[in-house]
Amino acid sequence: MNPEDVMRRIELLRQEHRDLDTAISALIESGARDQLQLARLKKRKLLLRDEIAMLEDQLIPDIIA
């Protein structure tokens with residue numbers, strides 16, 4: 001994957017991460033009792049964070065000191 005594709009993928013993942021954050025907040029504020037749904041959204045959000053970090057690492061060249 002070239003750097004431009006990686007950057008586009010990172011931006012899409014960041015947008016999904018923000019959307020999940022909004023959805024999680026809305027669920028909490030609404031007093032929803034669906035803890036399973038809330039847990040799934042939070043897990044997905046963590047997976048996105050990890051994928052974003054992995055892709056960002058690909059953009060940084062390895063420097064041997």
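## A partly exposed acid and its partner

In this predicted model, Asp21 has a relative accessible area of 36% and is therefore classed as partly exposed, because that class covers residues that are neither under 20%, which would be buried, nor over 50%, which would be exposed. Asp21 forms a salt bridge with Lys45, and the closest N and O atoms of the two residues are 2.7 Å apart. This pair links distant parts of the chain, since Asp21 belongs to helix H1 and Lys45 to helix H2, with their positions 24 residues apart in sequence.

## Overall form of the chain

The chain contains two helices and zero strands. Its C-alpha trace spans about 50 × 25 × 15 Å along the principal axes, and its radius of gyration is 15 Å, whereas a compact globule of 65 residues would have a value near 11 Å.

Of the 65 residues in the chain, 15% are buried. The chain exposes about 5200 Å², and carbon and sulfur atoms supply 56% of that area. Among the contacts with a separation of 6 or more, 70% are made by residues that stand 24 or more positions apart.

## A second link between the helices

Which residue meets Glu16 in a salt bridge? The partner is Arg44, whose side chain comes to 3.0 Å from that of Glu16, taken from N to O. Glu16 lies in helix H1, which covers residues 3-29, and Arg44 lies in helix H2, which covers residues 35-59, so this salt bridge ties together parts that are 28 residues apart in sequence.

Are the two ends of this salt bridge buried, partly exposed or exposed? Glu16 counts as partly exposed at 30% relative accessibility, and Arg44, with a relative accessible area of 33%, is partly exposed as well.

## Neighbours in sequence, and the charges as a whole

Another salt bridge joins Asp50 and Arg49, with 3.6 Å between the closest N and O atoms. Asp50 has a relative accessible area of 43% and is partly exposed, while Arg49, at 48% relative accessibility, also counts as partly exposed.

The structure holds seven salt bridges, including those of Glu16 with Arg44, Asp21 with Lys45 and Asp50 with Arg49. Taken over the whole chain, there are 11 positive and 13 negative side chains, and the centres of these two sets lie 7 Å apart.

Technical notes: Residues numbered from 1 in each chain as written. Predicted model: local features only at pLDDT ≥ 70, side-chain atom pairs only at ≥ 80, totals over all residues. Heavy atoms only, no water. Salt bridge = Lys/Arg side-chain N within 4 Å of Asp/Glu carboxyl O. Helix = DSSP H or I, 4+ residues; strand = E, 2+ residues; numbered from the N terminus. Buried < 20%, exposed > 50% of the residue type's maximum accessible area, 1.4 Å probe, protein only. Rg over C-alpha atoms; globule rule 2.2 N^0.38 Å. Contact = heavy atoms within 4.5 Å. Areas by Shrake-Rupley, 256 points an atom, 1.4 Å probe, with all protein chains shown as cover. Lys, Arg positive; Asp, Glu negative; His and termini not counted. Charge placed at Lys NZ, Arg CZ, Asp CG, Glu CD.
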